[in-house]
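Visitor: Please take a close look at one part of this model, the stretch around its last loops and helices. I would like a single connected account.

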Amino acid sequence: MRFILLRHGESLGNLDERAYRQFGDHAVPLSQWGYRQALTAGQAIAAYLRDHPPGEAHKLDIWYSPYLRTRQSKDAVLETLPSDVVGDVREDYLLREQDFGLFTEIYDHAERKQKFPDEFEKWARLRNNSGKFYARPPDGESRADVAQRVRLFLQNIAHEGDDGVDVIVVGHGVTNRAIEMTLLRHPVDWFERSDNPGNSDVTLVDGSYKAGFTSTLLHKATDRSAGDTELRDAYGTRLTVTAKATE
């Protein structure tokens, strides 16, 4: 079984958290830089597959989150892969980003506390008492919730792949990390201590449930250098994040 995990490229939300309010989390697009990152990641995957092609009995399936930035990253990867190695290309809502509920469009802790003081204090207590992995944001999901739906996704994949599993997953930082955690049977403490992969990083997880899995960083994407202001527009358009309205 082989899982190639790709986090989406740089999005406008990674550049400026106001993008989540302007577009909604599900509709935040890649930046032009982010699309180039995803293309480069796809080229790295293609190079790896030239030396380690899928088995003769099946092709490489591609699964992706329904969010815009992951769909665009999937399109970039498809531009780079030979068509003869690609099997099914499917969307699955189980791969979506963590739902932060009331905090979805507010990434600054001080602003969260100001707008939702009671809910913030309850969430802070949960994080302190139970750990970040289990604490649910108000009306949202905990990381444990994400790990549970990722486990369901993996069960569905295993059920369909009677002759082997060979897939690319284009997802988000938390979801891809939850896949790695589940396959490698890491404890919760690993998740608490680990960081999300970078935008367009590629992780290879291969092995089997019986023999165990190993994880390898297949491609480390190039991040922006300090002060780099190029290619910050949304991919495919001249849209940018608008200035915050005066309240």
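Loops, rings and charges

Guide: Arginine 185 is placed in the loop that runs between helix 8 (173–184) and helix 9. The model is a predicted one. The phi angle of arginine 185 is near 55 degrees, which is a positive value in a residue other than glycine. Its relative accessible area is 59%, so arginine 185 counts as exposed, the cut-off being over 50%.

Helix 9 (residues 188–193) holds phenylalanine 191, and this leads to the aromatic rings. The structure has eight aromatic pairs. One of them joins phenylalanine 133 to tyrosine 134 in an edge-to-face arrangement, with 5.2 Å centre to centre and 90 degrees between the planes. The two partners can be described by their accessibility. Phenylalanine 133 is buried, because its relative accessibility is 5%, and buried means under 20%. Tyrosine 134 has a relative accessible area of 46% and is therefore partly exposed.

Phenylalanine 133 also pairs with phenylalanine 191: the ring centres are 5.3 Å apart and the planes stand at 65 degrees, so this pair is edge-to-face as well. Phenylalanine 133 belongs to the loop between helix 6 and helix 7 (143–160), whereas phenylalanine 191 belongs to helix 9, so the contact ties together parts that are 58 residues apart in sequence. Phenylalanine 133 and phenylalanine 191 are both buried. Ring pairs connect Phe133, Tyr134, Trp190 and Phe191 into a cluster.

The loop between helix 6 and helix 7 also contains aspartate 139. Aspartate 139 has a positive phi, near 65 degrees, again in a residue other than glycine. Its relative accessible area is 66%, so aspartate 139 counts as exposed.

Aspartate 139 is also part of a negative surface patch, which it forms with Asp99, Asp118 and Glu119. Glutamate 119 lies in helix 6, which covers residues 117–130. The relative accessibility of glutamate 119 is 32%, and glutamate 119 therefore counts as partly exposed. That value also fits the patch criterion, because patches are made of residues with over 30% relative accessible area and no salt bridge.

To put the parts side by side: the loop between helix 6 and helix 7 carries the buried ring of phenylalanine 133 and also aspartate 139, which is exposed and belongs to the negative patch. The loop between helix 8 and helix 9 carries arginine 185, and helix 9 carries phenylalanine 191, the ring partner of phenylalanine 133.

Definitions and conventions:
Residues numbered from 1 in each chain as written. Predicted model: local features only at pLDDT ≥ 70, side-chain atom pairs only at ≥ 80, totals over all residues. Heavy atoms only, no water. Patch = residues over 30% accessible without salt bridge, like charges linked within 9 Å, V, L, I, M, F, W, Y side chains within 5 Å. Areas by Shrake-Rupley, 256 points an atom, 1.4 Å probe, with all protein chains shown as cover. Salt bridge = Lys/Arg side-chain N within 4 Å of Asp/Glu carboxyl O. Lys, Arg positive; Asp, Glu negative; His and termini not counted. Charge placed at Lys NZ, Arg CZ, Asp CG, Glu CD. Helix = DSSP H or I, 4+ residues; strand = E, 2+ residues; numbered from the N terminus. Buried < 20%, exposed > 50% of the residue type's maximum accessible area, 1.4 Å probe, protein only. Phe/Tyr/Trp six-rings, centres within 6.5 Å; stacked < 30°, edge-to-face > 60°.
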